[in-house]
Amino acid sequence: MFARSALPPVIAVAAVSALLAGCTSTKSSGSGGKDISLVNSGKLTTCTHLPYPPFQSKQGKKIVGFDVDMVDLVASALHVKQEIVDTPFEGIQSGEDLNTNQCDVAAAGMTITEVREKNLDFSAPYFEATQALLTTKGKPFKSLADLKGKKLAVQQGTTGEAYAQKHAKGAKLVQFEDLALLLTAVKTGQTDAGINDNGVLYDYVKDNPDTAVAAEFDTGEQYGIAVRTGNDALRKKINAVLKDARADGSYDRIYKKWFGTAPKK
């Protein structure tokens with residue numbers, strides 16, 4: 001959403017160095033006979049930003065979640081293992097991490113937007129989302145209009161922040177770097193409410209009954225798995241895996257594992 005028009009000098013040097021270093025490659029069936037290049041041999045490296053449960057979060061020393069399981073399907077189809085890199089969301093959604101070969105794919109509960117599509121190539125959509133409002137129980141806030149003069153927590157660089165900037169007129173937006181800080185701010189009363197994707201907020205209130213999802217906003221968002229611009233071989237492979245997963249029941253199984261219900265048809 002807040003894409004950069006050009007890489008700063010330090011990043012430009014990193015990009016050149018990465019290109020000179022080159023990539024390893026692995027053969028993939030179903031990729032039109034083309035090699036699929038990977039930044040690390042034998043691994044599908046995924047950039048994400050933790051925590052963002054139930055899409056990706058740490059469970060002990062392991063990173064788990066809906067996105068993790070979906071990308072594992074892609075890694076399995078490529079006969080490699082997934083390796084996850086935790087990195088700031090700005091570098092993911094701006095395309096910087098992919099374009100400097102920090103990772104092969106980005107899976108971070110990331111909405112496909114026109115601005116992001118200028119810097120990334122997205123797979124077919126794999127998840128539908130919308131924005132929602134989190135409050136502590138008993139608060140009288142049922143809409144963004146109710147927050148005039150109040151503090152609203154937003155996560156930096158997200159579609160929730162953009163929606164709040166456009167629609168939360170009169171509210172004081174308080175920016176947080178990650179979801180965990182946003183959730184804590186709402187729970188502890190540092191802010192009056194918070195806005196973020198409905199999936200993560202419903203997951204949070206399950207374990208925090210003193211909070212509630214007070215409202216949802218029909219933003220019609222869809223998540224995509226991102227690849228470096230022009231990496232059509234890997235993008236097509238991801239799309240083929242997603243299509244197969246929906247056909248053979250794998251998608252429904254993973255969805256139910258993390259959300260407790262089957263996806264809407």
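**Entry 1. Loop between β3 and β4**

I began with Pro 51, which is found in the loop between β3 and β4 (57–59); helices (H or I, at least four residues) and strands (E, at least two) are taken as DSSP runs, numbered from the N terminus. The peptide bond from Leu 50 to Pro 51 is cis, with omega near -10°. Pro 54 has its place in the loop between β3 and β4 as well, and the peptide bond leading to Pro 54 from Pro 53 is cis, with omega near 5°.

I note the basis of these entries: the model is predicted, local features need pLDDT of at least 70, side-chain atom pairs count only at pLDDT 80 or more, and totals for chains, interfaces and linings use all residues. Residues are numbered from 1 along each chain as its sequence is written, and side-chain values use heavy atoms, with hydrogens and water left out.

**Entry 2. Whole protein**

I looked up the overall figures next. The protein has nine helices and 14 strands. Of its 265 residues, 52% count as buried; buried means under 20% relative accessible area, exposed over 50%, and partly exposed in between (1.4 Å probe, protein chains only). About 12600 Å² is exposed by the protein, and carbon and sulfur atoms supply 51% of it; the areas come from the Shrake-Rupley method with a 1.4 Å probe, and for residues only the protein chains shown count as cover. Among contacts (heavy atoms within 4.5 Å) with a separation of 6 or more, residues 24 or more positions apart account for 69%.

**Entry 3. Disulfide**

I searched for disulfides, meaning pairs of cysteine sulfur atoms within 2.5 Å, and the structure holds one. Cys 47 is joined to Cys 103, with S to S at 2.3 Å. The pair links distant parts of the chain, 56 residues apart: Cys 47 is in strand β3 (residues 43–48), and Cys 103 is in the loop between α4 (96–99) and β7 (105–106). The torsion about the S-S bond of Cys 47 and Cys 103 is about -110°, so the disulfide is left-handed. Are the two cysteines buried or exposed? Cys 47 is buried at a relative accessible area of 1%, and Cys 103 is buried at 3%.

**Entry 4. Positive phi**

I recorded two residues with a positive phi that are not glycines. Asn 101 has a phi of about 60°, lies in the loop between α4 and β7 and counts as buried at 18% relative accessibility. His 79 also has a phi of about 60°; His 79 lies in the loop between α2 and β6 (81–86) and is exposed, with a relative accessible area of 69%.

**Entry 5. Aromatic rings**

I looked up ring pairs: rings of Phe, Tyr and Trp (its six-membered ring) pair if their centres lie within 6.5 Å, with planes under 30 degrees apart counted as stacked, over 60 as edge-to-face and the rest as tilted. The structure holds 17 aromatic pairs. The rings of Tyr 52 and Phe 55 have their centres 6.0 Å apart and their planes at 35°, so the pair is tilted. Tyr 52 is buried at 7% relative accessibility, and Phe 55 is buried at 0%.

For Phe 127 and Tyr 223, the ring centres are 5.2 Å apart and the planes are at 25°, so this pair is stacked. Phe 127 lies in strand β9 and Tyr 223 in strand β13, so the pair ties together parts that are 96 residues apart in sequence. Phe 127 is buried at 6% relative accessibility and Tyr 223 at 0%. These four residues belong to one aromatic cluster, which also includes Phe 66, Tyr 126, Tyr 251, Tyr 255 and Phe 259.

Which charged residue sits over the ring of Tyr 251? The charged end of Arg 246 does, 4.1 Å from the ring centre; the criterion is NZ of Lys or CZ of Arg within 6 Å of the ring centre and within 35 degrees of the ring normal.

**Entry 6. Helices α6 and α7**

I listed the buried residues of α6: Leu 179, Leu 182, Leu 183, Ala 185 and Val 186. Seen down the axis of α6, they fall within an arc of 160°, so they line one face of the helix; the arc is that of the directions from the helix axis to the C-beta atoms. They pack against β9, β10 (151–155), β11 (172–176), β12 and α7.

Helix α7 (residues 198–207) is mostly covered, with seven of its ten residues buried. Among them are Val 200, Leu 201 and Tyr 204. Their cover includes β9 (127–136), α6 (179–187), β12 (193–197) and β13 (211–223).

**Entry 7. Leu 73**

I closed with Leu 73, found in helix α2 (residues 66–77) and partly exposed, at a relative accessible area of 21%. Leaving aside residues up to four places away in sequence, Leu 73 touches Val 241, Ala 245, Ser 250 and Ile 254. Leu 73 and Ala 245 are 172 residues apart in sequence and 8.1 Å apart in space, C-alpha to C-alpha.
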